[in-house]
Amino acid sequence: MVKFSREYEASIIPEWKDAFVDYKGLKKLVKRIKIARRDAAPQQLARREAGAGRSRDGDGSYGFSVLDPVRALAAHFAATPASPTQVGDDDGDTDSLESDSGELVRATDKHYVQEQEFLEKADEQLEKVNKFYAAQEADMLARGDALIEQLRILADVKRILADHAAAPRRGRARLARTASSPPSVKGSNSGRHLLSSPFVASPQSMSDGGVEMQQARVAEGAAVAEEVMAALERNGVSFVGGGLGKAKKDGSGKQLMGRAALLQLTATVRIDIPPTSPGRAALKVWEELVNVLRKDGADPAAAFVHRKKVQHAEKNIRDAFLALYRGLELLKKFSSLNVKAFTKILKKFVKVSEQQRTTDLFSEKVKRSPFSSSDKVLQLADEVESIFLRHFAGNDRKVAMKYLKPQQPRNTHMITFLVGLFTGTFVSLFIIYSVLAHVAGIFSSAGNTAYMEIVYHVFSMFALISLHVFLYGCNLFMWKSTRINHNFIFDFSSSTALTHRDAFLMSASIMCTVVAALVINLFLRNAGATYANALPGALLLLSAGVLFCPFNIFYHSTRYCFMRVMRNIILSPFYKVLMADFFMADQLTSQIPLLRHLEFTGCYFMAGAFRTHAYGSCTSSSQYKNLAYVLSFLPYYWRAMQCLRRYLEEGHDLNQLANAGKYVSAMVAAAVRFKYAATPTSFWMWMVIISSTGATIYQLYWDFVMDWGFLNPKSKNFWLRDQLILKNKSVYYASMMLNLVLRLAWAQSVMKLHLGMVESRLLDFSLASLEIIRRGHWNFYRLENEHLTNAGKFRAVKTVPLPFRELETD
């Protein structure tokens with residue numbers, strides 16, 4: 001049976017860890033009380049025996065002593081200062097700390113002092129929990145009220161747009177006829193201003209066509225705008241300013257009065273959709289540009305109302321409801337865990353202290369506390385479920401619970417069986433391929449150079465992918481074993497996220513398929529088939545087909561998540577940087593050899609070189625060399641752009657600029673190494689040493705201090721951090737040394753070792769594999785630091801920006 005302390009430590013919410021009950025500290029106090037009572041037991045027994053002897057002397061069994069009156073008087077005065085200490089609860093009631101046996105606890109006893117210390121510490125913990133819970137509860141309730149208000153606004157805006165979209169043409173013609181004469185408008189101080197409508201979405205709409213058509217559009221747009229604003233006002237959104245403002249002239253010189261004049265005023269409410277993607281950013285820029293170029297004098301802050309933006313607003317509100325529901329679930333978990341912790345520790349306390357009544361009073365105090373007795377969170381959670389079911393799930397409870405409470409996937413033994421099957425098949429096929437290649441003399445000095453190059457690039461490319469996936473599976477296994485909530489950190493759905501078994505299956509199946517293709521290729525080559533070398537090209541096409549397969553097979557959600565993340569990386573900095581985006585971009589910085597292999601393989605087969613066996617047809621061209629140069633810089637460039645995006649979004653955080661400088665230094669070091677490879681002179685050798693050493697020191701500092709949180713001189717764990725998940729500290733020091741050694745792999749480029757082709761290729765593959773292993777180590781400690789300290793500010797409960805907001809005005 002798992003101890004509650006372990007279960008409690010593993011179940012607490014990491015970002016709220018400081019707000020939970022210090023169960024371990026209270027447990028230590030209980031142990032100290034137990035030890036003190038055990039040490040005091042012989043002394044109490046001696047006092048009891050001495051008291052019993054005096055009692056026997058006093059009752060006449062052993063005669064009468066002249067000192068008995070003095071002893072009685074001394075006992076009377078000694079009992080007064082040793083009266084029981086009173087402990088009060090919230091209602092002012094008191095209770096004497098008296099044991100069940102009726103013996104008064106002396107103030108001079110050590111265990112009594114420790115019992116008082118325990119009660120004071122427990123009371124402090126209770127106050128801390130109540131204070132945090134009250135703040136979080138108020139925040140959740142305020143967010144719930146704001147979301148319900150946003151949903152009402154959304155419903156009114158959608159209804160107005162739907163009504164006007166379905167309006168018949170004769171109604172619009174009637175609006176055009178009535179727009180020629182100024183409508184009567186009652187004077188008011190409501191101060192309604194424009195929330196621009198879909199019918200005034202471009203400056204051309206105010207200039208094309210005749211005056212009547214312009215007036216019709218203006219009147220129709222004003223009607224929609226006024227209805228939208230009325231809906232906003234009904235839902236509590238206030239507008240600043242007063243009156244309708246002065247009438248302005250249109251393009252024909254006529255004055256626009258009444259509702260049409262509303263189009264000339266400044267909007268105070270807008271639909272604000274964050275520019276997290278290039279499409280949203282371009283839409284926002286276009287709207288601001290159109291507003292600036294408008295000839296009717298509208299303020300640039302005016303926003304558009306159109307169906308696309310309303311759809312985005314609806315999605316944001318739905319995501320906000322999901323985030324709120326998750327926050328409520330976490331708060332309920334916070335309440336239940338703390339109630340259980342107090343219950344467990346009070347049971348331990350009453351066993352060692354025998355203060356049953358005091359413990360009962362404190363238990364009642366816990367039950368009456370807000371975090372234990374308040375039902376506002378439960379009511380709001382039920383209300384959110386009802387709203388989500390009605391508005392976002394079509395009254396289908398199964399669909400609603402799929403989003404609100406996603407189920408964990410069930411583990412099956414079939415995946416484990418397939419992992420073993422593919423692994424055994426891969427080992428067998430690899431042994432067969434090695435024997436056949438050795439017999440045919442493929443990898444000997446007199447072997448076919450072109451074939452070896454093809455095999456090297458194709459096999460290395462897939463082998464590096466398989467190794468990276470395998471290490472990611474090891475990371476998933478370790479994260480699960482150590483209870484690191486990686487799915488929440490990466491914002492992955494628990495129902496579709498990969499498990500370590502899935503990653504191992506993908507790795508084993510990739511290697512099994514590749515080695516099988518190489519064995520078949522070798523058989524065809526020995527048989528004299530002219531199309532033998534086309535098989536690796538077919539393997540590339542098969543891999544691309546599986547990756548882009550639109551059907552829900554072969555881990556469909558994972559493949560599309562990978563492509564979405566790669567899109568965000570390639571188009572950096574136009575997409576908002578999420579944890580998964582920068583994490584994947586860091587993986588790419590360790591896969592530069594893979595990109596080079598992919599470049600050669602694609603060039604070789606796309607150029608039709610498999611027919612001529614001309615190995616140098618690709619590598620000798622200047623375009624190939626330039627592209628290889630660019631590919632070596634791309635991952636660092638993408639990461640630098642992501643850092644710049646985060647610098648702008650996070651209030652000009654200088655740490656992001658420093659992080660971007662790390663990748664710039666890596667690009668400079670790589671450029672110098674390329675130059676030294678082309679012109680191996682002593683000057684460029686020293687430049688390689690200086691630039692690479694500086695970049696390595698920069699990277700090591702960032703790895704240890706910023707990403708892992710180590711090298712803290714004030715930490716209670718020597719040169720580590722205060723909070724560690726692994727109990728064996730030597731593992732952290734060994735990983736730091738391994739990271740240091742593997743960061744120095746660039747020194748091989750300076751040594752200029754004289755190796756044969758086979759040995760050189762094997763060395764390159766080994767160095768690339770070691771870099772991937774280093775990245776696997778980095779992955780675990782980076783996410784451990786994120787889980788414990790929220791180092792990258794990614795792990796907080798999601799706060800989705802609300803779309804309808806009021807503009808700031810003077």
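**Exercise 1. Count the aromatic pairs in this predicted model, then classify the pair of tyrosine 629 and phenylalanine 674.**

Start with the rule. Rings of Phe, Tyr and Trp (its six-membered ring) pair if their centres lie within 6.5 Å; planes under 30 degrees apart are stacked, over 60 edge-to-face, and the rest tilted. The count by this rule is 34 aromatic pairs.

Now take the rings of tyrosine 629 and phenylalanine 674. Their centres are 5.1 Å apart and their planes stand at 70°, so this pair is edge-to-face. Tyrosine 629 belongs to helix α23 and phenylalanine 674 to helix α24 (residues 654–678), so the pair links distant parts of the chain, 45 residues apart. Helices here are DSSP runs (H or I, at least four residues), numbered from the N terminus.

Next, check exposure. Buried means under 20% relative accessible area, exposed over 50%, and partly exposed in between (1.4 Å probe, protein chains only). Tyrosine 629 is partly exposed at 32%. Phenylalanine 674, at 25%, is partly exposed.

The model is predicted: local features need pLDDT of at least 70, side-chain atom pairs count only at pLDDT 80 or more, and totals for chains, interfaces and linings use all residues. Residues are numbered from 1 along each chain as its sequence is written, and side-chain values use heavy atoms, with hydrogens and water left out.

**Exercise 2. Find the residues that form one aromatic cluster with Tyr8, and place Tyr8 in the largest nonpolar core.**

The cluster consists of Phe4, Tyr8, Trp16, Phe20, Tyr23, Phe132 and Phe334.

Turn to the core. A nonpolar core is a set of buried Ala, Val, Leu, Ile, Met, Phe, Trp, Tyr and Cys residues joined through side-chain atoms within 4.5 Å. The largest one has 64 residues, and Tyr8, Phe118, Phe321 and Phe334 touch the most other members. Several helices supply at least two residues each, among them α1 (4–11), α2 (23–58) and α4 (110–165). Helix α8 gives the most, with 19 residues.

**Exercise 3. List the contacts of phenylalanine 321 beyond its neighbours within four places in sequence.**

Contact means heavy atoms within 4.5 Å. Phenylalanine 321 then touches Leu147, Ile148, Leu151, Val384, Ile387, Phe388 and Phe392.

**Exercise 4. Which ring lies under arginine 318, and which under arginine 326?**

A charge sits over a ring if NZ of Lys or CZ of Arg is within 6 Å of the ring centre and within 35 degrees of the ring normal. Arginine 318 lies over the face of tyrosine 403, 5.8 Å from the ring centre. Arginine 326 has its charged end over the ring of phenylalanine 488, at 3.8 Å from the centre.

**Exercise 5. Count the salt bridges, then describe the partners of arginine 645 and aspartate 703.**

Side chains of opposite charge can pair when their charged atoms come close. In a salt bridge, a side-chain nitrogen of Lys or Arg is within 4 Å of a carboxyl oxygen of Asp or Glu. The count is 20 salt bridges.

Arginine 645 pairs with glutamate 649, with closest N and O atoms 2.6 Å apart. Both are in helix α23 (residues 622–649), 4 residues apart, which means about one helical turn separates them. Arginine 645 is buried at 12%, while glutamate 649 is partly exposed at 36%.

Aspartate 703 bridges to arginine 743 at 2.8 Å between the closest N and O atoms. This pair links distant parts of the chain, helix α25 (residues 682–707) and helix α26 (residues 730–743), 40 residues apart. Both residues are buried. Shared partners join Asp703, Arg743, Glu771 and Arg774 into one network of salt bridges.
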